[in-house]
Amino acid sequence: MTMLDLGDYVDDRPREGIFRVHRDVYSDPDLFELELKYIFERSWCFLGLDVEIEQPGDYVTRWIARTPILLTRASDGEVRAFINVCPHKGAQLAVAHKGCTKYHVCPYHGWAFDAAGQCVDVKDKAAGAYPSAFDREDHNLIALPRLASYRGLIFGSLSADVPSLEAYLGDMRTFIDLAMDQAPDGMEIVPGRIAYTYRANWKLQMDNAMDQYHLTSTHASYMGVMEKRSRGQGNVGAQQFDWKKRLEQECGAFNFANGHAMIWLNQAEPQKRPIYPRIGEIEAVHGAVRAQWMLKARNSLIFPNMQIADATTLNVRTFRPIAVDKTEMRVHCIAPKGESPEVRRWRLRQFEDFFMPTGFASPDDTVCFESLQTGYNAHGLDYLQGYYRGIETVVSGADGAARELAIEPQFSVRGGFDLNMETSMHAPYRQWRRLMCAGMNGEKVWS
Ligand code: FES
Ligand SMILES: [Fe+2]
């Protein structure tokens, strides 16, 4: 460990135009432990979507960092979340990634719990010669201290000391609205499960979605495939984008409080977006401005563990830190309920092209993450320089694009695509520093 003061790992000196992050932030196992404790265990974390657990008894298993979580719909129809650990000896209770059950029975000694977390059976209790002290113990599952949802996205916190979810998200809510309002009848998850791990730090995925700069180099082969298709070769049925046109568009970014940020790019070919056939209906309900924003490419980060990517096809991604150099990714392709089969096919081809672990783009990102992680072991490397682009264009508060949406970001940036700003990464690293320092100094983070 480099043994800097915690605050010095993020070197943020706006007046001098300096923003750097020390490589140990991505590679030091001690810092990783502190992140779990001071960031993941003290913030709202994304858990899942309401539509994943629509019926009583439906459940999914998730994680907040190292804590397994059981997210379920109880028989009263309410969403509940518990620490997915049996109070008897601490076994992980539900082990499947999803299911529907009236009772969760622990695989070890068979204690059973209902979907409201109540212990309904201590196996062979009567013959157990238990003392009365045992009966005074609470045998139920431990409920998550905080659970809330916004527009069908469910978040939980292992700490009770967090602001309301609305306050935590702030104006980032507008970008959740732009994802969840894309259908008159609501959104659903396209069936299937995408989960994979990569051998690198969780923040590399976090950074990547805010990082337009890598697109033309990392994803050159993806663009090459798109270009071939435009010449009539390969899977010409897929609705590929004309990247040359795309890279001539105006782009921008917003940074919000609490680590959230987003980047946007004007749409060169709105007709290639799967919502385009129904854009008139969307416009009638949500207005022309919001409809136009839904057509733009948008990547949003909801700190610390969730992204809404809508640069080609809409999807929700969440990452789980497993070790300093190991991360699990989950990707949910979400789509309008009642979408026509033709449009759904079009959406899925776009999704597979870019986002699947077997697609043309995501694997290139993953390879880069692992290469970065290797680089962080290099002798002589200290502060990284990938946070500077665009600093000279940062404006405090809202710019014209933000005013269109009536939002108040902390900072806005706007320019041509080749600006490829890296300033959106300032928001999460400022929050990283704030939470880590507050944790270390025993200070309160949330007022
Ligand atoms: S650990 Fe669950 S019943 Fe024993
Ligand atoms: Fe990428």
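Me: What makes helix α5 (residues 173-180) count as mostly covered?
Reply: Seven of its eight residues are buried. Buried means under 20% relative accessible area. This is a predicted model.

Me: Which residues of α5 are the buried ones?
Reply: They are Thr174, Phe175, Ile176, Asp177, Leu178, Ala179 and Met180.

Me: Why is strand β15 called largely enclosed?
Reply: Five of the six residues of β15 are buried, so the rest of the structure largely encloses this strand.

Me: How do you know that β15 pairs with strand β23?
Reply: Pairing takes at least two bridges between the strands. Six bridges join β15 (residues 250-255) to β23 (residues 411-416), so the two count as paired. They run antiparallel. Two of the positions can be named. Glu250 has Gly416 of β23 as its bridge partner. Asn255 stands opposite Phe411 in β23.

Me: What makes strand β22 a partner of β23?
Reply: β22 (residues 395-396) and β23 share two bridges in the antiparallel sense. The rule asks for at least two, so the pair qualifies. Here Ser396 stands opposite Phe411 in β23.

Me: How do you know that β15 and β16 pair?
Reply: Five bridges join these antiparallel strands. At least two are needed, so β15 and β16 count as a pair. Phe254 stands opposite Met262 in β16.

Me: How many residues lie between β15 and β16 in their hairpin?
Reply: Five residues lie between the two strands. Asn258 is in the turn.

Me: What makes the phi of Asn258 worth flagging?
Reply: Phi of Asn258 is near 65°. That is a positive value in a residue other than glycine. Asn258 sits in the loop between β15 and β16 (261-265).

Me: Why is Asn258 placed where it is on the scale from buried to exposed?
Reply: Its relative accessible area is 14%. The limit for buried is under 20%, so Asn258 is buried.

Me: What is the phi of Ala65, and where does Ala65 lie?
Reply: Phi of Ala65 is near 55°, again positive in a residue other than glycine. Ala65 is in the loop between β4 (58-64) and β5 (67-73). At 3% relative accessibility, under the 20% limit, Ala65 counts as buried.

Me: Which peptide bond is cis, and what is its omega?
Reply: The bond from Phe303 to Pro304 is cis, with omega near 5°. Pro304 lies in the loop between β17 (297-302) and β18 (306-310).

Me: What makes β1 and β21 edge strands?
Reply: They belong to an open sheet of three strands, in the order β1-β2-β21, with antiparallel pairing. β1 (10-13) and β21 (383-384) each pair on one side only.

Me: How do you know that β1 and β2 pair?
Reply: β1 and β2 (residues 18-22) have four bridges, in the antiparallel sense. The threshold is at least two, so they pair. Arg13 stands opposite Ile18 in β2.

Me: Which helix lies across β1 and β2?
Reply: Helix α14 (residues 426-441) does. α14 runs at about 115° to β1.

Me: Which atoms count as protein donors of the iron ion (ligand 2)?
Reply: They are NE2 of His214, NE2 of His219 and two OD atoms of Asp365. Donors must lie within 2.8 Å of the metal. These lie 2.1 to 2.4 Å from the iron ion, so they qualify. In sequence, the donor residues are spaced H-x4-H-x145-D. His214 and His219 are both buried.

Me: Why is the arrangement around the iron ion (ligand 2) called irregular?
Reply: The four donor atoms subtend angles of 57 to 143°. A tetrahedral call needs all angles between 85 and 135 degrees. The range of 57 to 143° breaks that rule, and the arrangement counts as irregular. Water is not among the atoms, so the site may look incomplete.

Me: How do you know that Cys100 is not in a disulfide?
Reply: The closest cysteine sulfur to that of Cys100 is in Cys106, 20 Å away. A disulfide needs the sulfurs within 2.5 Å, so this distance is too far for a bond. The count of disulfides comes to zero.

Me: What makes Cys86 and Cys100 buried or exposed?
Reply: Cys86 has 3% relative accessibility, under the 20% limit, so Cys86 counts as buried. Cys100 has 52%, over the 50% limit, so Cys100 counts as exposed.

Methods:
Residues are numbered from 1 along each chain as its sequence is written. Chains are lettered from A and ligands numbered from 1 in the order in which they are written. This is a predicted model: local features need pLDDT of at least 70, side-chain atom pairs count only at pLDDT 80 or more; totals for chains, interfaces and linings use all residues. Side-chain values use heavy atoms; hydrogens and water are left out. Buried means under 20% relative accessible area, exposed over 50%, partly exposed in between (1.4 Å probe, protein chains only). Donors are N, O and S atoms within 2.8 Å of the metal (3.2 Å for Na, K and Ca); water is not among the atoms, so sites may look incomplete. Four donors count as tetrahedral if all angles lie between 85 and 135 degrees; four count as square planar and six as octahedral if opposite donors are over 155 degrees apart and all others between 65 and 115; anything else is irregular. Contact means heavy atoms within 4.5 Å. Axes are lines fitted to C-alpha atoms, for helices over the stretch in contact, and angles run from 0 to 180 degrees between N-to-C directions.
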